[in-house]
Amino acid sequence: MSTPTNPPRTESTVPASPSLLRTLLRPRNLVITVIALFALVQVISFPIIAMAGWQTNPNPVAEPAWDKPETRALAVRACYDCHSNETIWPWYSKIAPVSWLVTRHVIEGRQKLNLSEWGVRGVEVDEVTRAVRSGKMPTKDFLLMHPEAKLTDAEKQQLIDGLSVSLR
Ligand code: HEC
């Protein structure tokens, strides 16, 4: 009588190799994974923004007939980064995802009101003064990064009065 033989063992005794995702998400690797993803996003985003020309300052066309240099100075301080062709693009405006936010604000801001392309698009003076009076403009997130753009109540009034005359 032959004794029953055990079937040969076919299953591998080597544990299955962990998936790539699980390897990347190991606490030990997480920091490197996050840094690598961050770098990858920069490598993709930076040339797209550069090639599209979204962070450029086109030549100014025409400015409003400013009533006083002080009015212009206040507008430069509080509005020009988003509503002119003289945007100062800070270093963090080059780094995704902040770059996407800043670029969108400037594109949309210039579409609504561009003080370097005055007369190109119709703009309601009352809408502009209302935006300052209500505190909607400059935007809160902008003031967070540009405390120097915050206007005192007196400066706000001065800007509103100046704009009412200059933008007519
Ligand atoms: C951080 C960029 C930024 C700054 C600084 C800024 N704006 Fe704007 N502004 C925008 C964007 C974006 C829009 C369009 C989206 C919206 O209406 O919220 C806009 C819209 C407007 C509009 C259209 C009407 C409205 O209320 O939406 C006016 C008028 C305006 N801004 C005036 C100003 C004035 C005046 C200043 C300076 C005191 C200023 N903005 C500063 C980004 C900015």
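**Exercise 1. In what order do the elements of the protein run from the N terminus on?**

Solution. The model studied here is a predicted one, and the first step is to list its elements. Starting from the N terminus, the order is α-α-α-α-α-α-α-α. Counting by type gives eight helices and zero strands.

The next step concerns the overall form. The radius of gyration of the protein is 28 Å, whereas the globule rule gives 15 Å for 168 residues, so the protein is more spread out than a compact globule. Along the principal axes, the C-alpha atoms fill a box of roughly 115 × 35 × 25 Å. Of the 168 residues, 18% count as buried. Finally, when contacts between residues at least 6 apart in sequence are considered, 80% of them join residues at least 24 apart.

**Exercise 2. Describe how α6 and α8 are placed relative to each other, and name the residues that make their contact.**

Solution. Two packed helices are described by the angle between their axes and the distance between the axes. Here the axes of α6 and helix α8, which covers residues 153-166, come within 10 Å and cross at roughly 175 degrees. An angle over 145 degrees counts as roughly antiparallel, and α6 and α8 are therefore roughly antiparallel to each other.

On the side of α6, the contact is made by Val125, Val128, Thr129, Val132 and Arg133, while α8 contributes Lys156, Leu159, Ile160, Leu163 and Ser164. Sorted by class, the residues of this contact are six nonpolar, two polar and two charged.

**Exercise 3. Which residues come nearest to the ligand, and which elements give two or more residues to the shell around it?**

Solution. There are 19 residues around the ligand, and those that come nearest are Cys79, Cys82, Gly109, Met137 and Phe142. The elements that give two or more residues to this shell are α4 (80-83), α5 (98-112) and α6 (125-133). Divided by class, the shell holds ten nonpolar, four polar and five charged residues.

**Exercise 4. Locate the cis peptide bonds that precede Pro97 and Pro138.**

Solution. As background, most peptide bonds are trans. The bond from Ala96 to Pro97, however, is cis, with omega near 5 degrees, and Pro97 has its place in the loop between α4 and α5. The bond from Met137 to Pro138 is also cis, with omega near -5 degrees, and Pro138 is placed in the loop between α6 and α7, the latter covering 140-145. Met137 has already appeared above, since this residue is one of those that come nearest to the ligand.

**Exercise 5. Is Ile107 buried or exposed, and how far is Ile107 from Ala62 in space?**

Solution. The residue must first be located: Ile107 is found in helix α5. A residue counts as exposed if 12 or fewer other C-beta atoms lie within 10 Å of its own. Ile107 has 12 such atoms within 10 Å, and is therefore exposed. Between Ile107 and Ala62, which are 45 residues apart in sequence, the distance in space is 18 Å from C-alpha to C-alpha.

**Exercise 6. Where does Arg77 lie, and which residues does Arg77 touch?**

Solution. Arg77 lies in helix α3, which covers residues 69-78. With 17 other C-beta atoms within 10 Å, Arg77 is partly exposed, because this class lies between the limit of 12 or fewer for exposed and that of 20 or more for buried. Leaving aside residues up to four places away in sequence, Arg77 touches Glu148 and Ala149. The C-alpha atoms of Arg77 and Lys150 are separated by 8.4 Å, although these residues are 73 apart along the chain.

Terms used: Residues are numbered from 1 along each chain as its sequence is written. This is a predicted model: local features need pLDDT of at least 70, side-chain atom pairs count only at pLDDT 80 or more; totals for chains, interfaces and linings use all residues. A residue is near a molecule or strand if its C-beta atom, placed from the backbone, lies within 6 Å of it. Helices (H or I, at least four residues) and strands (E, at least two) are DSSP runs, numbered from the N terminus. Ala, Val, Leu, Ile, Met, Phe, Trp, Tyr, Cys and Pro count as nonpolar, Asp, Glu, Lys and Arg as charged, and the others, Gly among them, as polar. Axes are lines fitted to C-alpha atoms, for helices over the stretch in contact, and angles run from 0 to 180 degrees between N-to-C directions. Angles under 35 degrees count as roughly parallel, over 145 as roughly antiparallel, 65 to 115 as roughly perpendicular and the rest as oblique. Two residues are in contact if their C-beta atoms, placed from the backbone, lie within 7 Å. The radius of gyration is taken over C-alpha atoms; the globule rule is 2.2 Å times the number of residues to the power 0.38.
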